[in-house]
Structures are given as C-alpha cells and as structure tokens.
Amino acid sequence: MVSKESSYLDRRPLNVRARWGSEDVALVSGRDVFGAMKHKGAIALAANARHPLTVKGILKAAKKLDAAVVIEIAKSETNYCGSNFDSLPEAAVRYSSEIGHGAVFALHVDHYGIKGYDDVIKAVSDLGRIVKNGWTSVAIDASHLPDWENLCATRDVAMHVPPYFGLEVEVGEIKGAGELSTVEEALYFVGGLNSWSVFPDLLAISNGSLHGTYDASKGQAEGIDLKRTKEIAEAIAPYGVSIAQHGISGTAIDKCAEFSKYGINKGNVATLFQNVLFGIKMDQETGNAVIEGDSYVKEPDRGIPMDLWKDLVSWCDGQGYSRKDGNYKKANLPFWERIASLPSERVDMIVEETQWWAERFIKAFNAEGTAEIVKERMSSRENWNPFPDTKVQASRGDFGADKAPNAAKKDGEDYSD
C-alpha cells in the first residue's frame with residue numbers, strides 16, 4: 001500500500017521532480033495551494049523573500065502550523081535583491097532540507113511586469129528558465145496598460161505558462177487609497193481571458209493598499225476597501241477566480257483576519273519581512289515601519305548589527321535616498337552577502353522573528369492545516385496534473401477593444417513593487 005506521504009510527493013509538478021526528484025521537498029503547484037485555500041476559506045501567506053534568510057523563517061512557521069505557504073520574488077525585485085529567479089529555488093530547497101523537509105510551499109514569480117510587446121517576447125524566453133529552475137506559479141502584471149492591451153499581453157504570456165502552474169493576473173495598479181479597480185474592469189479582464197481558455201486562480205486588484213511603508217507625514221494610511229474587494233470577488237467567482245491581496249505590510253493583523261470573508265485567498269507580505277531583516281522599528285500590530293524625525297529607526301537588538309546598518313545607511317545616503325525612503329530596499333543586493341555571512345546567533349535571531357510574524361499571519365489567515373489539505377488534494381487525484389476542470393464560458397466577441405472599460409491609463413508615478 002502506497003502511503004499518502006509518498007503519493008503526494010509523486011504528484012509534485014514534473015518540473016520539480018525533474019530537478020529535485022531525489023529530494024523529499026514538498027514544493028507543489030500554486031494551483032494546489034490556492035485550491036486548498038479556497039476549500040477552507042483561508043489565505044495563503046505569500047512572503048517576498050528579498051533575502052534568502054526570510055525563506056527559512058517562513059518554512060519553519062509553515063511546518064510548525066501545518067500550513068501551505070508561498071515563497072515569492074517579483075521580477076523587479078530580482079534587480080535589487082540577493083534573491084532572483086536562479087538562486088531562490090536553490091535556497092528554498094536547501095532550507096527545507098535543513099528543517100527536515102515537510103513544509104508545503106509553492107514558488108511564485110510575483111509581478112512579472114509587462115510594459116509592452118518587447119516584454120511579452122522576453123517573457124516567453126524567461127519562462128523556459130523559470131520552469132527549468134523549479135518555480136511552480138506565476139503572476140503576470142500588465143496592469144498599468146489600458147484594459148484591452150492588458151488583456152492581450154496577459155493572454156499572450158499566459159499561453160506560455162505551463163497549465164499546471166498557479167496563475168495570478170492583475171487589473172488596476174496597486175497604488176494606495178484613491179482610484180480603485182472596478183467590477184466592470186475585472187469582469188472584462190477575467191471574462192476576456194476565459195474566452196481564450198486562460199483560467200487564472202487569482203486576480204490582483206487596486207483596492208487601497210500600497211507597496212511599502214505608510215508614511216503618515218505624507219498623509220498615507222492603510223485604506224484597503226473591502227466592500228469593493230467583495231464586489232469584485234463575487235463578480236468573478238463564476239470563473240473560478242478569487243482575489244490576491246497585495247501590499248499587506250502596514251495592515252492591522254485584526255483586519256487581515258477578516259480578509260477571507262471578502263474573497264481573498266492569497267496575501268502578499270514583503271516590506272514587513274525586510275523590516276525584520278534590517279531590524280527597523282515596527283508597529284507591532286501592523287508591521288509598518290516607524291518613522292521618527294524623517295528617518296527609519298534601527299533597533300540594535302533586532303535584525304542586522306549596528307555596524308552593518310551604519311554601512312547600509314551610508315550607502316543609501318550616497319545614492320541620494322532620504323532616511324525614510326522606500327528605496328532602502330535597493331540595499332538588499334549590495335549587502336546580501338554580508339548579511340548571509342553574519343554570525344549564527346544573529347542569523348538565528350532574524351529567522352526566529354521572521355517565523356514569529358509568519359505564524360501570526362498564518363493564524364490570522366485561517367491557514368493552519370492547509371498543508372494537509374494540499375496533500376489530500378494531490379493524493380486523491382488520478383495523476384499529478386492540477387490543471388483545473390474549467391470551461392470556457394465567455395465569447396471573444398464580447399471582449400474586443402471596443403468593449404474595453406478604459407482606453408488609456410494616465411501617466412503618473414512609478415507604482416512598481
């Protein structure tokens with residue numbers, strides 16, 4: 001008799017088995033993780049690992065609470081972080097092995113940005129490397145384009161994403177309070193993709209969140225509009241799509257605990273885990289960085305040591321960044337090796353705090369026990385492939401350029417992740 005444990009490992013994605021078939025790493029498809037969340041009415045913690053150390057804390061929390069999680073990095077982050085599309089899968093499998101495997105997780109390419117035709121062509125090439133490297137989920141982000149162009153670009157890239165991967169798409173730039181994605185935009189976008197046999201698991205929307213720190217001196221405050229979120233979630237539910245919530249750093253844990261009631265099944269957390277890494281003072285209920293006197297506040301007994309922090313600040317000063325600048329994220333790449341080489345007691349401290357925050361989110365997201373649901377889903381199906389049994393419901397003629405809700409986006413700030 002084949003055990004469930006061996007059965008689900010035998011049903012991991014083929015690209016994972018091709019690369020790590022000899023490892024018992026529980027690296028699974030994003031489709032299985034997102035399906036388990038929908039089944040339980042839970043949210044997958046999706047942690048952007050700007051430094052590989054973040055991965056270890058997340059996996060330890062996942063294993064302890066029997067929760068399926070997502071490890072991710074955005075395309076733009078690979079330009080300024082030590083983690084990238086080549087190195088992060090290796091780090092994730094290594095840390096999984098260090099903790100004795102058993103942590104169930106997907107590897108998700110976050111915000112694969114598409115700004116035009118050239119990016120579509122580059123994506124087709126990149127996806128071959130992404131598949132080979134063992135990633136199991138992708139988010140295509142052409143959201144800053146007009147709706148018709150977003151639909152076409154997302155469709156063209158999605159057709160080169162393996163159907164066994166998790167798939168996230170995006171309508172409406174993530175830009176904070178103010179302009180919100182509309183139900184009309186979401187239906188046009190998801191319906192149009194469905195008409196071309198593209199079946200996303202998740203839709204990211206602009207619903208009031210920001211990427212990064214909420215700076216009260218600039219009048220910024222968390223303002224996630226859950227009413228609009230639910231309206232969109234209910235409208236797209238017949239297509240089998242739910243909501244991915246971006247920009248959770250700075251949001252009260254109590255509010256996060258309500259998200260699943262509004263159709264949200266994936267929650268992205270990035271800046272908060274960077275705050276842990278650097279040891280920046282945070283509001284303990286939200287994870288938002290504390291700003292005092294136009295500067296972040298470094299706590300000596302958390303994160304990297306003070307001498308390294310001073311070097312990091314000096315480097316940022318040399319780049320012309322203010323001392324409360326979101327561009328501090330760009331210090332990840334020049335300092336990642338020094339951080340990785342820290343004494344074990346300092347590394348353990350960072351991992352332990354990362355795990356503490358991850359456990360808080362997993363509990364708030366009702367995700368405890370979802371790893372077991374993933375294993376059951378994988379073990380019970382006839383083969384390894386998690387491609388959904390979804391039908392084309394929409395007609396392409398209803399989703400042409402003339403039916404697009406908007407013709408053009410306004411020029412504005414850089415709202416990259």
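## Rings, charges and a core: worked exercises

Start with Trp 309: at 7% relative accessibility it counts as buried, since the cut-off for buried is under 20%. Keep in mind that this is a predicted model.

**Exercise 1.** Work out which kind of aromatic pair Phe 278 and Trp 309 form, and which parts of the chain the pair ties together.

*Solution.*
- Take the geometry to begin with: the ring centres of Phe 278 and Trp 309 are 6.3 Å apart, with 55 degrees between the planes.
- Centres within 6.5 Å make a pair, and only planes over 60 degrees apart would count as edge-to-face. So Phe 278 and Trp 309 are tilted.
- Now place them. Phe 278 is in helix α11 (residues 271–278) and Trp 309 in helix α12 (residues 306–318), so the pair ties together parts 31 residues apart in sequence.
- Check burial too: Phe 278 has 0% relative accessibility, so it counts as buried.
- Finally, look around: ring pairs link Phe 278 and Trp 309 with Tyr 296 and Tyr 328 in a cluster.

**Exercise 2.** Find the residues whose charged ends or side chains lie over the rings of Tyr 112 and Trp 196.

*Solution.*
- Over the face of Tyr 112 you'll find Lys 75, at 4.3 Å from the ring centre.
- For Trp 196, look to Arg 155: its charged end sits over the ring, 4.6 Å from the centre.

**Exercise 3.** Which residues of helix α13 (residues 332–340) are buried, and what do they pack against?

*Solution.*
- List the buried ones: Asn 332, Phe 335 and Ile 339.
- Next, see how they're spread. They cover an arc of only 85 degrees around the axis, so they're on the same side of α13.
- Then see what they meet: the buried residues of α13 pack against α4 (53–65), α11, α12 and α14 (344–364).

**Exercise 4.** In the largest nonpolar core, which residues touch the most other members, and which helix gives the largest share?

*Solution.*
- A bit of background: nonpolar side chains tend to be buried together in soluble globular proteins.
- Here the largest nonpolar core has 131 residues, and Leu 203 and Phe 361 touch the most other members.
- The largest share of this core, eight residues, comes from α14.
- Zoom in on Leu 203. Setting aside neighbours within four places in sequence, its contacts include Val 169, Val 171, Phe 189, Ile 232, Ile 236 and Ile 243. Polar company turns up as well: Glu 170 and Ser 242 are also among the contacts of Leu 203.

How values were computed: Residues are numbered from 1 along each chain as its sequence is written. This is a predicted model: local features need pLDDT of at least 70, side-chain atom pairs count only at pLDDT 80 or more; totals for chains, interfaces and linings use all residues. Side-chain values use heavy atoms; hydrogens and water are left out. Rings of Phe, Tyr and Trp (its six-membered ring) pair if their centres lie within 6.5 Å; planes under 30 degrees apart count as stacked, over 60 as edge-to-face and the rest as tilted. Helices (H or I, at least four residues) and strands (E, at least two) are DSSP runs, numbered from the N terminus. Buried means under 20% relative accessible area, exposed over 50%, partly exposed in between (1.4 Å probe, protein chains only). A charge sits over a ring if NZ of Lys or CZ of Arg is within 6 Å of the ring centre and within 35 degrees of the ring normal. The arc is that of the directions from the helix axis to the C-beta atoms. Contact means heavy atoms within 4.5 Å. A nonpolar core is a set of buried Ala, Val, Leu, Ile, Met, Phe, Trp, Tyr and Cys residues joined through side-chain atoms within 4.5 Å.
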